[in-house]
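Grab a coffee and open the structure viewer. Below are some short exercises, each with a worked solution to check yourself against.

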Amino acid sequence: MARFVIRRLLQSAVVLLGVTVVVFLLLQLVPGDPVRVALGTRFDPQTYEALRARAGLDQPLVVQYFDYLRRALTGDLGVSFRSGRPVTAIVLERLPATLSLAVTAVVFAMLIAFPLGIVSAIRSGSLVDHAARVFSQFGVSVPDFWMGIMGILLFSGVLGWLPPSGYVALTEDPGRWASHVALPAATVGLVTASILTRFIRSSMLEVLSEDYVRTAEAKGLRTRVVVLRHVLRNALIPVVTVVAVQLASLLGGVIVIEVLFAWPGIGRLTYDAVAARDYPVLQGAVLLVAALFLLVNLLVDVLYARLDPRITVK
Amino acid sequence: MSRTRFRLAGATIALMLAAVAGCSGGEGVDVDGNDAAGAGGVLNAAIGGEPDQLDPHKTSAYYSFQVLENVFDTLVEPDANLEMKPALATGWTTSDDQLTWTFTLREGVKFSDGSPLTAEDVVYSYNRIIDEKLNNAYKFGTVKSIEASDPKTVVVTLNAPTPNLLANLGGFKGVAIVQKANVESGEITTKPVGSGPFAVENYSSGDSIRLVRNDNYWGEKPKLDGVRFTFVSDPTVALQNLRGGEVHWTDNLPPQQVPALLDGDDPTVRSVPSTDYWYLALNQARKPYDDVNVRRAIAFALDREAITKAAKFGLATVNQAAIPQNSAFYYEYAPYTHDVNQARQLLDQAGVSGLSMDLMVTSEYPETVTAAQVIASQLEAVGITVKIRTLDFAQWLDEQGAGKFDAFMLGWLGNIDPDEFYYAQHHSDGTFNFHEYANPNVDRLLDQARTETDQAARKQQYDQVAKQIVDDASYIYLYNPDVAQGWSKQVSGYEVRTDRAIRFRDVALAR
């Protein structure tokens, strides 16, 4: 197990190196001059040249890249072109907001998707099943920003239950954190729940048709035992992958939702950095997201072995 | 069997509902816990985006200046009519040749950390902008030297008379007086130290900036304990925040709702004409836009009222020149009445038919996108096919810089003295003359007016410039927008300013 984890970590490092190259090169292809965006409309040519030199943008690309890589290896992701602050600090301080939103959204999604998926699989063709399918169709087709705005108008405008936007750290005040995270998490969670419900339903249906399920029922086991121990456990394997992929992509920041709800996470940081062509911040944010993605995948592989003894980690 | 299944599902759903119910227990209004008796409270202000940084000399973002207006001071500052009034300087004299300006500083001014603000700080601040070639270095183009002859006196020596020196030194907080220690420690980007009515207490990236009252402020003490700026980019959400009480003030209102909001009294929404102007520019380095008749044809083909209605929901004043009516430099001139026949005739004269025009607009300013559609349909009526290109601002600036456009629409914001915008945009050496307009007569007048110390003569020169620019259709000016801001009933003492400066120093919060 330990050897497996170490090998995977080494592989991850190679992937991350690849990510830095790709991101760095892609940014060069994006049109838009960061210096002009930073200066706005009023400046003189000397000011332009001075800022370009200060940001190191007058150096050849190769020099810029290796300079970046050399510092990145020591944990220094450079300095934000716009704010003049260290990128490592900027990116890390956005992590708690994104983490808390992503985890809450996934938990919320699971709370809906599991009962709904299980019931609609067991009672396939029933009213609940149809309702579940309508729900998941709705969830995947309606744009999340629209759902977010509707949520704000209903829960904040009409009912006045929740604040329309903003952020309070979980560590600062858990109650107020919860009231602020509810709407964005529910908005994101609904989409995730729709996807999950479908997966759970189809995965359950597949397992339900297995011979050992019939055997279990035939030997007189109670339904709850059959469903929970025999069906659900076996149906979980593909579901774990989907949950993990969803979580990982949410950790990358839910750009539209974070912008809409003024949520200070990675997504909003990325959005602002793209608009400002703040390359160092963008590189740092992408690198962090890639690292999180790899980490979640590693955890999933380890989890597989726990869920299904047939899978062994070598 | 079915009963068990439902119990299982039911339990989970109940759990979920409990979780949601638990979430809804959060309170609505939040005044940040500062509930000390007799205190002035903390005003929550929602602005449309996050400042890139808080160093006034290095940022160019309006979001930064919304905050910094309350933190920093300049030697002089614009009053409600945009006339320069004493701020850190109580008075000034000019030499007979207009080349030496002597400013006397206010007694006992301190930075918010308690250290004194002296003439040396003024010299340091200005030299920092000039030597490091920072954003506003161009405002010091005629400055030869800046010296502190004593702790209370700053002497500015010029290469040429500069009638708009006061506007350059005080027009906005981009030329604010900063503290050397604060700059050298690097803290100025997140925790700047100024001498203004409030001081930055905390900057939480992505979330908020908290200001506290500066007890060392030289002017009348602010009534508020502080101001908390949050960044809400969606105007619908910002308005919802204002209505719900989480926010006391915002300038990020949905434009289509402003006309209705102006009639209501809760929240209070006020709008005043701004000094900004929005315009269409035609690339004179490209054919056929080098032909004045083609440009004039387009100017005649446009119905400015319709454009303004669509782009600003009527919250703007149409104008065929740059300067709005409330300015001392206003020049009434409107030769282009909406006239399709005249436009067609001019195009015929130019020998142009079946013209296809590339119009570049930016999603950064949604009003340009809306206006472009109206402009396209109006130009279609005179046989010009408009191809609208919507770009993000970074790319837009790239294309503009490279001259890759037939036409673009943009605005110029926060204008005070005509030297700045006319020279940059219409002088053949101007830094913003991307449409390559060149008229020797205009160049000569702009050079002359730049150093003309007789105010009446200077006004006359700019009137001639204005007329020539409109006649040449260098820019086809469209409108001066209003600036609309809203605040809750608790807020008193706030005034919307035409230059969009956000000043909270006289504001009180009823509780």
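**Exercise 1. Find the loop that holds Pro288(B), then describe the peptide bond before this proline.**

Solution. Bear in mind throughout that you're looking at a predicted model. Start with the elements on either side: Pro288(B) sits in the loop between β13 (277-282) and α8 (292-301) of chain B. Now step back one residue. Lys287(B) and Pro288(B) are joined by a cis peptide bond, with omega about -5°. As background, most peptide bonds are trans.

Next, try Asp266(B) and Pro267(B). They too are linked by a cis peptide bond, here with omega about 0°. Pro267(B) belongs to the loop between α7 (258-263) and β12 (268-273) of chain B.

**Exercise 2. Work out where Lys133(B) and Glu436(B) lie, what their phi values are, and whether they are buried or exposed.**

Solution. Take Lys133(B) to begin with. Its loop runs between α3 (119-131) and β6 (143-150) of chain B. Phi is near 50°, which is positive even though the residue isn't glycine. For burial, count C-beta atoms: a residue needs 20 or more others within 10 Å to be buried, and 12 or fewer to be exposed. Lys133(B) has 19 other C-beta atoms within 10 Å, so it comes out as partly exposed.

Now Glu436(B). You'll find it in the loop between α13 (418-426) and α14 (440-451) of chain B. Its phi is near 55°, again positive in a residue other than glycine. Glu436(B) has 16 C-beta neighbours inside 10 Å, so this residue is partly exposed as well.

**Exercise 3. Describe how α9(B) and α11(B) cross, and sort the residues of their contact by class.**

Solution. Two packed helices are described by the angle between their axes and the distance between the axes. Here the axes of α9 (residues 304-312) and α11 (residues 366-380) of chain B come within 8 Å and cross at roughly 145°. The crossing is right-handed.

Then look at who does the touching. From α9(B) come Ala306(B), Ile307(B), Ala310(B), Ala311(B) and Lys312(B), while α11(B) brings Glu367(B), Thr370(B), Ala371(B), Val374(B) and Ile375(B). Sorted by class, the contact has seven nonpolar residues, one polar and two charged.

**Exercise 4. Sketch the overall build of chain A, then explain why its helix α9 lies largely in the open.**

Solution. Count the elements: chain A has 13 helices and zero strands. Its C-alpha trace spans about 85 × 55 × 35 Å along the principal axes. Of its 314 residues, 42% count as buried. Take contacts in chain A between residues at least 6 apart in sequence, and 70% of them join residues at least 24 apart.

Now zoom in on α9 (residues 211-218) of chain A. The number of buried residues among its eight is zero, so this helix lies largely in the open. After α9(A) comes Gly220(A), with a positive phi near 90°.

To finish the sketch, turn to the record. An unreviewed UniProt entry annotates "transmembrane region" at several spans of chain A, including residues 101-122 and 134-161. Over residues 101-122 of chain A, the model is 100% helix and 0% strand, with the end C-alpha atoms 32 Å apart. Residues 134-161 of chain A are 82% helix and 0% strand, and their end C-alpha atoms are 27 Å apart.

**Exercise 5. Say which helix gives the most to the side of chain A that touches chain B, and what kinds of residues that side has.**

Solution. First get the counts: 59 residues of chain A are in contact with 52 residues of chain B. Several helices give two or more residues to this side of chain A, among them α2 (34-39), α5 (87-122), α8 (174-208) and α10 (223-251). The top contributor is α5(A), with 10 residues. By class, the side has 30 nonpolar, 16 polar and 13 charged residues.

**Exercise 6. Name the residues with the most contacts inside the largest nonpolar core, and list the partners of Leu43(B).**

Solution. The largest nonpolar core has 222 residues, and Ala285(A) and Leu43(B) have the most contacts inside it. The largest share of this core, 19 residues, comes from α5(A). Leaving out neighbours within four places in sequence, Leu43(B) is in contact with Leu224(B), Val227(B), His248(B), Trp249(B), Val491(B), Phe504(B), Val507(B) and Leu509(B).

Conventions
Residues numbered from 1 in each chain as written. Chains lettered and ligands numbered in written order. Predicted model: local features only at pLDDT ≥ 70, side-chain atom pairs only at ≥ 80, totals over all residues. Helix = DSSP H or I, 4+ residues; strand = E, 2+ residues; numbered from the N terminus. Contact = placed C-beta atoms within 7 Å. Nonpolar A, V, L, I, M, F, W, Y, C, P; charged D, E, K, R; others polar. Core = buried A, V, L, I, M, F, W, Y, C linked by C-beta atoms within 7 Å. Axes fitted to C-alpha atoms, helices over the stretch in contact; angles between N-to-C directions. Left-handed = near helix turned anticlockwise from the far one by under 90°. UniProt positions renumbered as here; feature names shortened; annotations may be inferred.
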